[in-house]
Amino acid sequence: MSNQKFVCPYNPTHVMKVTRAHHHVVNCRRAHVHKEFVICSYNALHHFAPEDEAKHLETCPDRIALIDAIHVTYGMKSVITGNLTMPPPAQRHFEDHENWDSD
């Protein structure tokens, strides 16, 4: 089990194990609605002021980990890995015994 500590973005005196952080942040966010923090797209534990959003999204360690997970670098060329082909369209055949033209 991880012993990493998490510091609450709403109240820095709140320090806990990372395993309790999600539950705590939800409750603390409700208690501090006046702060109107933005939640990171890459990690729901990252809450920050709206004016810090652009800087955070550029430097977020989880963004960098995500990019590293989907890209493989060959020399100076970055290649996206995985199966990128589209599946063929599904062929569907319907049995229709109704004739709307005949009365």
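What follows is a quick walk through the chain, its helix α1 and its one aromatic pair.

The model is predicted. The chain has 3 helices and 6 strands, and starting at the N terminus these elements come in the order β-β-α-β-β-α-α-β-β. Of its 103 residues, 19% are buried. Contacts spanning a long stretch of sequence are a minor share: among those between residues at least 6 apart, 11% join residues at least 24 apart. The accessible surface adds up to about 8800 Å², with 56% of that area on carbon and sulfur atoms.

Helix α1 covers residues 18–31, which makes 14 residues. From first C-alpha to last, α1 reaches 20 Å, close to the 20 Å expected at 1.5 Å a residue. Even so, α1 has a kink of about 35°, centred on His 24. His 24 also turns up among the buried residues of α1, together with Ala 21, Val 25 and Cys 28. The cover over these buried positions includes three strands, β1 (5–7), β2 (15–17) and β4 (47–48).

As for aromatic rings, the structure holds 1 pair. Its partners are Tyr 10 and Phe 37, whose ring centres sit 4.9 Å apart; the planes meet at 25°, so the pair is stacked, the cut-off being under 30 degrees. The pair ties together distant parts of the chain, 27 residues apart: Tyr 10 lies in the loop between β1 and β2, while Phe 37 lies in the loop between α1 and β3 (38–39). Both rings belong to buried residues, because the relative accessibility is 2% for Tyr 10 and the relative accessible area is 17% for Phe 37, against a limit of under 20%.

Conventions:
Residues numbered from 1 in each chain as written. Predicted model: local features only at pLDDT ≥ 70, side-chain atom pairs only at ≥ 80, totals over all residues. Heavy atoms only, no water. Helix = DSSP H or I, 4+ residues; strand = E, 2+ residues; numbered from the N terminus. Expected span 1.5 Å × (residues − 1). Bend = angle between axes of the 7 residues up to and from the residue. Buried < 20%, exposed > 50% of the residue type's maximum accessible area, 1.4 Å probe, protein only. Contact = heavy atoms within 4.5 Å. Phe/Tyr/Trp six-rings, centres within 6.5 Å; stacked < 30°, edge-to-face > 60°. Areas by Shrake-Rupley, 256 points an atom, 1.4 Å probe, with all protein chains shown as cover.
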